[in-house]
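Q: Could you take me through one part of this protein up close, and then tell me how that part sits in the whole chain?

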Amino acid sequence: MQISMKNRTGYFGDYGGQFIPEILKPALRELETAYTKLKKDQHFQQRFRNELRDYAGRPTPLYYAENLTHHYGRGKIYLKREDLNHTGAHKINNAIGQILIAQAMQKTRIIAETGAGQHGVATATVAARAGLECCIYMGAEDMQRQFPNVQRMRLLGARVRSVDSGTATLKDATNEALRDWLVNVGTTHYIIGSVVGPHPFPTIVRDFQKIIGEETYRQIFEKEQRLPDYIIACVGGGSNAIGIFTPFLKEPSVNLIGVEAAGKGLDSGKHAATLGRGSVGIFHGMKTYILQNKDGQIQLPYSLSAGLDYPGVGPEHSFLYDSKRVDYHSVTDAEALSAVRQLCRLEGIIPALESAHALAFLNYLMPQTAQNDIIVVNLSGRGDKDMSTYINHLCQPQGELS
Ligand SMILES: *Cc1c(COP(=O)(O)O)cnc(C)c1O
C-alpha cells in the first residue's frame with residue numbers, strides 16, 4: 001500500500017485520495033483522463049440525460065405526502081420518488097453514466113462488486129443493454145441472503161462470482177473485484193456502486209447522482225416557490241444522500257441531514273453508524289471515517305438493511321461531517337421497520353428498508369419544526385427486494401400485519 005496522491009486533487013478536505021497498490025494507478029489515471037474529457041463533452045452529457053429520461057424514467061416525481069404530513073400535524077413533507085426508477089432505486093443513475101464512460105473508453109467487459117445485490121442488478125441491467133460482458137463479485141454469505149437478486153443478475157446475462165474469503169461479504173467482494181481489475185484493466189471497466197473507493201470514483205458517482213438534487217431544486221420551486229428547510233437521506237456509502245444534497249450545499253438555509261443505520265443500537269456494537277461511531281482510517285482505497293477496532297482492523301458492520309451494511313462512508317461525507325454542513329444521525333432497525341409500516345399504511349408506498357431510515361428520522365425532526373417548514377425525504381428505493389424481511393419482521397404467523 002502506498003499513498004499516491006501528491007497534490008490535493010481527489011480530496012475533500014483531508015479525505016479521499018488514492019490509497020491503492022501502485023500497480024492500479026495507471027487504470028485510475030486512464031479513467032480520470034477519460035472522465036475529465038467526457039465531463040465537458042456536450043454530446044456525452046446529452047446522451048446521459050436522454051438515457052435517464054427514456055430508460056430510467058426520469059425525472060422522478062417530487063410527491064407531497066399529505067397523509068404523512070397530517071400524521072405529524074405540521075410542516076409539509078415531500079418525498080423524492082427515486083423508488084420509481086427502472087430497477088427500483090437511485091443506483092441506475094450511476095450505472096447508466098458509468099456504462100457510457102466504459103463505452104467511450106472502448107472497454108468490452110464490466111465488473112462490479114455488490115453487497116445486497118442492488119448495484120449488481122443495476123450494473124447487469126446496463127451491461128445487458130450495452131451488449132458488454134458482465135461479471136459481478138458477491139460474497140457467498142450475501143448470495144445466500146439476497147438470492148432473488150442473484151437470479152435477477154443471472155437472468156440479465158451477468159456472471160455472478162461467489163467470494164468465499166474473509167467474512168464472505170461486501171468488503172471481500174470488493175477486494176476480488178479490485179484484483180480482477182488489476183489483471184484485466186485493458187479490457188475492463190470497474191463500476192463502483194457508491195461515492196466510495198479511490199479518486200476519481202467518489203467524484204464520478206456524485207456527478208451522476210446529483211441529478212436527484214437538481215430535479216428536487218427545480219421541482220420544489222415549481223411547487224412552493226422557495227427552498228426547502230430540511231432534506232433527509234439515508235447514508236450507506238452515501239450516494240443517494242450526496243446526490244440530493246449537492247445542489248443545496250451552497251444554500252445555507254437548507255438543513256441537510258444524513259441518517260445512518262444504528263442496527264440493534266449504537267451501544268450494542270451491532271450497527272453501521274460509520275460517522276456516529278467510527279474513526280478516521282484507510283479503507284477501500286480512500287481515507288475516510290471507518291468502523292475499526294483499536295488495532296485498525298475493520299469492524300464488521302451490522303444493519304438489517306443490506307444496503308447500509310458498509311463499514312466505511314464516502315470521503316465527501318467525512319468532510320461534510322467535520323465541517324458540520326451536514327448533520328448525521330442514526331436510527332435502529334426497529335425504528336426503520338416501523339417507518340416502513342407507517343408509509344405503507346399512510347401513503348400506499350412500500351419503501352426500501354434503507355430509505356425507511358430517512359423516513360424514521362421524521363419522528364425526531366417533526367416535533368422541532370416550525371408550522372410552515374418544508375421537508376424533503378429522499379425515498380431512495382422501493383421495498384420489493386425487502387419483502388422477505390418485512391414478512392419475517394412485520395407479519396404475525398397468521399399472516400396478519402402486527
Ligand atoms: C444501495 C442503496 C442505498 C445505500 O447506498 P448509498 O450509496 O448510501 O445511497 C440506499 N437506498 C437504497 C434503496 C439502496 O439500494
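**A close look at strand β6**

A: Let's start with one pair: Leu 79 stands opposite Val 377 in β16. This is a predicted model, so take what follows as read from a prediction. Leu 79 belongs to strand β6, which covers residues 76-81. The strand that holds Val 377, β16, is made of residues 374-379. β6 and β16 run parallel, and six bridges join them.

β6 has another partner too. Strand β5, residues 62-64, pairs with β6 through three bridges, and here the two run antiparallel. One contact you can look up in this pairing is Leu 62, whose bridge partner in β6 is Lys 80.

How covered is β6? Mostly: five of its six residues are buried. When you look along the strand, keep in mind that side chains in a regular strand alternate between the two faces of the sheet.

Now zoom out. The chain has 17 helices and 16 strands. Its radius of gyration is 20 Å, close to the 21 Å that the globule rule gives for 402 residues, so the chain is as compact as a globular protein of that length. The C-alpha trace spans about 55 × 50 × 45 Å along its principal axes.

Buried residues come to 59% of the 402 in the chain. Of the contacts with a separation of 6 or more, 71% are between residues 24 or more positions apart. As for the outside, the chain exposes about 16300 Å², with carbon and sulfur atoms supplying 50% of that. Charged side chains number 43 positive and 40 negative, and the centres of the two sets lie 3 Å apart.

How values were computed
Residues are numbered from 1 along each chain as its sequence is written. This is a predicted model: local features need pLDDT of at least 70, side-chain atom pairs count only at pLDDT 80 or more; totals for chains, interfaces and linings use all residues. Side-chain values use heavy atoms; hydrogens and water are left out. Helices (H or I, at least four residues) and strands (E, at least two) are DSSP runs, numbered from the N terminus. The radius of gyration is taken over C-alpha atoms; the globule rule is 2.2 Å times the number of residues to the power 0.38. Buried means under 20% relative accessible area, exposed over 50%, partly exposed in between (1.4 Å probe, protein chains only). Contact means heavy atoms within 4.5 Å. Accessible areas come from the Shrake-Rupley method with a 1.4 Å probe; for residues, only the protein chains shown count as cover. Lys and Arg count as positive and Asp and Glu as negative; His and the chain ends are not counted. The place of a charge is taken as NZ of Lys, CZ of Arg, CG of Asp or CD of Glu. Two strands pair if DSSP finds at least two bridges between them.
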